[in-house]
Amino acid sequence: MTLSDIASLQSQALAEISAAKDAAEIENLRIKYIGRNGSLPALMKNLRDVPPAEKPAFGQALNALRNAVTEALNSRKSSLEASSAPAETFDFSLPGNWHASGSIHPVSAIIDEVTRIFAQLGFTVADGPDIETEFNNFDALNTAKHHPSRDARDTFWLGNGLLLRTQTSPVQIRTMLAHKPPVRIINPGRCYRRDTTDATHSANFHQIEGLYVDTVPVSLADLKSTLEHFAREMMGPGVKVRFRPHFFPFTEPSVEADFSCHVCHGKGCSVCKGSGWIEILGAGMVDTRVYKHVGYDKDCYGYAFGMGVERLAMIKYGISDLRLLYANDLRYLREFI
Ligand code: PHE
């Protein structure tokens, strides 16, 4: 036995293994080369006759032969298995996997839209809790102690001077208590009143509050032009805005703003109940008595406004019954967005 006998045996074995065509052939080659009566054990026996000085070299060569053959057998086996595996099949006629994707709720869509419009005018979004203090919801907003809105038949009282806020206006107070003027915020949020649910009322509804207070003059004209800009962005360029005198405890003067009816464009129809106008929001110049409650200088100037989100959604999407917004019927909610 010479080293070159071992080398040629190795190359012969590797050539045969790579030509093997199936598992049976591979098994036969394993038996032929490294099986108990195969070539490798036979060569091992010859090791006895090798002169001691050459034994290590022969030993190494035989080990290398065993490793190379074993490895070649394994890799040929796995490549044959891979190529004989059935090709992956895909049945294009099967129905697809359907995943229900959500859509934006009309109330959220209105909040997003109104927020976007005012954000463009420099208003930042403020937030406040649903559970409020009597001070933030009524006292600081200059609401008389005997004002009917404080009545337990109108407000959900929680005890300890806490209540479920009846409006987003307490966020005006929170904002002014926390920040010096100028402040310019918009605040969407949930409100609660003890209303019996019907087509236009819900005990739980949403408002969007706006507040701008500065140390430089801000006038009713600024409020009007801001709201007119908002109306056009929200309802389209043709919309008209009408301001009517009104009363809110925390604004003076106070107004209510109506938009011209988007259905009949002011002619009068069932949606606007024949008037041509739809009431949208309350607003006014911040009453100086409010400034006193939040520690602002009485010479500050500012306006505030608040609007009902469900109301806007009903108008914008032509929804006739507010309860449909909360019925969680996806067939209905998907109609809009
Ligand atoms: N908070 C008032 C309401 O719920 C609306 C309003 C907000 C009026 C801001 C004036 C200024 O009726």
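Reader: Which residue is the bridge partner of F248 in strand 8?

Author: Two strands count as paired if at least two bridges are found between them. Here the model is predicted. In strand 8, F248 has T251 as its bridge partner. That bridge joins a larger set: strand 7 and strand 8 (residues 251-260) pair over 7 bridges, in the antiparallel sense.

Reader: In what order do the strands of the open sheet with 7 strands stand?

Author: Read the order from one edge to the other. Here that gives 1-5-6-10-9-8-7, with mixed pairing.

Reader: Which strands stand at the edges there, and why is one side of each left without a neighbour?

Author: Look for strands with a single partner. Strand 1 (124-125) and strand 7 (241-248) each have a single partner strand, so one side of each has no neighbour in the sheet.

Reader: Which helices lie across strand 10, and at what angles?

Author: Compare the direction of the helix with that of the strand. Helix 8 (residues 220-235) runs at about 30° to strand 10 (301-308). Helix 8 also lies across strand 7, strand 8 and strand 9 (277-286). Helix 10 (residues 309-317) runs at about 60° to strand 10. Strand 6 (204-214) and strand 9 are also crossed by helix 10.

Reader: How many residues surround the ligand, and which are the closest?

Author: Count the shell, then look at its members. Here 14 residues surround the ligand, and the closest are Q167, S169, R193, Q207 and E209. By class, the shell has 5 nonpolar, 7 polar and 2 charged residues.

Reader: Which strands supply at least two residues of the shell?

Author: Strand 6, strand 9 and strand 10 each do. Strand 10 gives the largest share, 3 residues.

Reader: What lies 2.9 Å from a nitrogen atom of the ligand?

Author: For polar contacts, look for N or O pairs within 3.5 Å. A polar side-chain atom of S169 lies at 2.9 Å from that nitrogen. R193 has a side-chain N or O atom 2.9 Å from an oxygen atom of the ligand. Q207 likewise has a side-chain N or O atom 2.9 Å from a ligand oxygen atom. The ligand taken alone exposes 320 Å², and the protein buries 89% of that.

Reader: What is the order of the open sheet of 3 strands?

Author: Read it as before. The order is 2-4-3, and the pairing is antiparallel. Strand 2 (131-133) and strand 3 (157-159) stand at the edges; each has a single partner strand, so one side of each lacks a neighbour in the sheet. From one strand to the next, the twist averages 35°.

Reader: How many bridges join strand 2 to strand 4?

Author: There are 3 bridges between strand 2 and strand 4 (residues 162-164), which run antiparallel. In strand 4, L164 is the bridge partner of I131.

Note on methods. Residues numbered from 1 in each chain as written. Predicted model: local features only at pLDDT ≥ 70, side-chain atom pairs only at ≥ 80, totals over all residues. Heavy atoms only, no water. Helix = DSSP H or I, 4+ residues; strand = E, 2+ residues; numbered from the N terminus. Contact = heavy atoms within 4.5 Å. Axes fitted to C-alpha atoms, helices over the stretch in contact; angles between N-to-C directions. Near = heavy atom within 4 Å. Polar contact = N/O pair within 3.5 Å; in protein donor to acceptor, adjacent residues only side chain to side chain. Areas by Shrake-Rupley, 256 points an atom, 1.4 Å probe, with all protein chains shown as cover. Nonpolar A, V, L, I, M, F, W, Y, C, P; charged D, E, K, R; others polar.
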